[in-house]
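Reader: I should like to study this structure by asking questions in turn. Please begin with whatever term is needed to follow the first answer.

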Amino acid sequence: CDAFPVQRLDSEPRQSVDMISGAASSSILRRVLAALCILTACTACAERRETHEVLNALLWMQTSAEYRTLTTLTYRQATAALDLALGDKAWTAALEQEGNFQDLPPAVVLDLDETVLDNQPFDGRLIKDGTRFTSSRWEEWVNEADARALPGSLEFITEAQRRGIAVFFITNRRAKHEALTRRNLERLGLTLSTEPDAVLSEGEAPFDWPSDKSSRRRYLAERYRILLLIGDDLRDFVVGAQDTPEARMALAQHHRARWGVSWFLIPNPMYGTWETALFPTGSSDNEALAAKRAWVRERP
């Protein structure tokens, strides 16, 4: 049983059992323990989902000095890039930016979840409860409007606004959550414009934005010169992120000159299109897990 391994009883020191021979004892005990193992494992599978899949990633984000250092460093580098971007009228971070954009007002575009808003407590609850992501549980978390900010994010946003740069957030939080999302950001001390709308949510009227963010980047690029893009997922920068791992690597490599210059990536080992690229859409939990295991390399 993989969930609860049983030691080989005939390979370990053991005491005799009264009224049962050694060989019979070994055989019976193995069968009983095997049956208990199967029963316990099946019960655990039905009630809880015990796994290290997200646990290690979450603990790295919550407890490691490395994660805090990386996020702070990324935002510090992005802040330093503002001067170069402002000074070069031909500079744009958006692939969707075309035509005569040189005299458009400057803007920066950020993702929200795991880029500005820290949802690690939500994922911690899923781990503690031994359950998976569900829309209802996500709504409970969003309704609290109490996510903290990632290290360095507020300082960057405040500095950009101080320099007269418009700040926009392109998020795949649904439009129905926008008011609560705004409340959360305002609780963190941020000032958000309503006209123009600083938060472009998935499904927002009258545009009905799709989950792909390119149309929202294009919309902003028609009105602003996009200086920087900041996110935790490849789709925060470019179309094609929801492809095979090989295609995603090639796409990132194709745009290598932009990373750390006008594109700034925040690490997120918990979830994203990198994960969904590993298994077919609509896979069950067990199917997704099996597909992930198939990707594991055992040799260089």
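Author: Helices are DSSP runs of H or I with at least four residues, strands are DSSP runs of E with at least two, and both are numbered from the N terminus. The model discussed here is predicted.

Reader: In which loop is D208 found?

Author: D208 is not a glycine, yet its phi is positive, at about 55°. The loop that holds D208 lies between β5 and α8. P206 is found in that loop too, between β5 and α8.

Reader: Is D208 buried or exposed?

Author: A residue counts as exposed when its relative accessible area is over 50%. The relative accessibility of D208 is 56%, and therefore D208 counts as exposed.

Reader: Which residue joins A205 through a cis peptide bond?

Author: The chain has a cis peptide bond from E195 to P196, with omega near 5°, and P196 sits in the loop between α7 (178–187) and β5 (199–202). A205 also takes part in a cis bond, where omega is about 0°. The partner of A205 in this bond is P206.

Reader: How many helices and strands does the protein chain have, and what percentage of its residues is buried?

Author: The protein chain has 11 helices and seven strands. Of its 300 residues, the buried share is 40%.

Reader: What percentage of the exposed area do carbon and sulfur atoms supply?

Author: The area exposed by the protein chain is about 17,300 Å². Of this area, carbon and sulfur atoms supply 54%.

Reader: At what angle do α3 and α6 pack, and is the pair roughly parallel or roughly antiparallel?

Author: Helix α3 covers residues 65–87 and helix α6 covers residues 153–162; their axes lie 9 Å apart and the packing angle is about 10°. Angles under 35 degrees count as roughly parallel. The angle therefore makes α3, with respect to α6, roughly parallel.

Reader: How many residues in the contact of α3 with α6 are nonpolar?

Author: On the α3 side the residues are Y75, A78, T79 and L82, and they meet S153, F156, E159 and A160 in α6. Two residues of this contact are polar and one is charged, while the number of nonpolar residues is five.

Reader: Why is α4 described as oblique to α5?

Author: The axes of α4 (residues 120–129) and α5 (residues 135–144) come within 10 Å and cross at roughly 140°. Angles of 65 to 115 degrees count as roughly perpendicular and those over 145 as roughly antiparallel, while those under 35 are roughly parallel. The crossing angle of α4 and α5 falls in none of these ranges, so the arrangement is oblique.

Reader: What is the handedness of this crossing, and how many charged residues are in the contact of α4 with α5?

Author: The crossing of α4 past α5 is right-handed. Within α4, P121, F122, R125, L126 and D129 meet R137, W138, W141 and E144 of α5. The nonpolar residues of this contact number five and there are no polar ones, while the charged residues number four.

Reader: Against which elements do the buried residues of α4 pack?

Author: The residues concerned are Q120, F122, D123, G124 and L126, which are the buried ones of α4. They pack against helix α2 (55–63), helix α3, strand β2 (117–118) and helix α5.

Reader: Which residue follows α4?

Author: The residue in question has a positive phi, near 60°. It is G130.

Reader: Is A145 buried or exposed?

Author: A145 lies in the loop between α5 and β3 (148–149). Although A145 is not a glycine, its phi is positive, at about 50°. Buried means under 20% relative accessible area. A145 has 2% relative accessibility, and therefore counts as buried.

Reader: How far apart in space are S262 and T92, C-alpha to C-alpha?

Author: S262 has its place in the loop between α9 (245–254) and β7 (263–265), and is buried, with a relative accessible area of 4%. Leaving aside residues up to four places away in sequence, S262 touches W91, T92, A93, L227, L228 and L229. S262 and T92 are 170 residues apart in sequence, yet their C-alpha separation in space is 7.6 Å.

Note on methods:
Residues are numbered from 1 along each chain as its sequence is written. This is a predicted model: local features need pLDDT of at least 70, side-chain atom pairs count only at pLDDT 80 or more; totals for chains, interfaces and linings use all residues. Side-chain values use heavy atoms; hydrogens and water are left out. Axes are lines fitted to C-alpha atoms, for helices over the stretch in contact, and angles run from 0 to 180 degrees between N-to-C directions. Contact means heavy atoms within 4.5 Å. Ala, Val, Leu, Ile, Met, Phe, Trp, Tyr, Cys and Pro count as nonpolar, Asp, Glu, Lys and Arg as charged, and the others, Gly among them, as polar. A crossing is left-handed if the near helix is turned anticlockwise from the far one by less than a right angle, and right-handed if clockwise. Buried means under 20% relative accessible area, exposed over 50%, partly exposed in between (1.4 Å probe, protein chains only). Accessible areas come from the Shrake-Rupley method with a 1.4 Å probe; for residues, only the protein chains shown count as cover.
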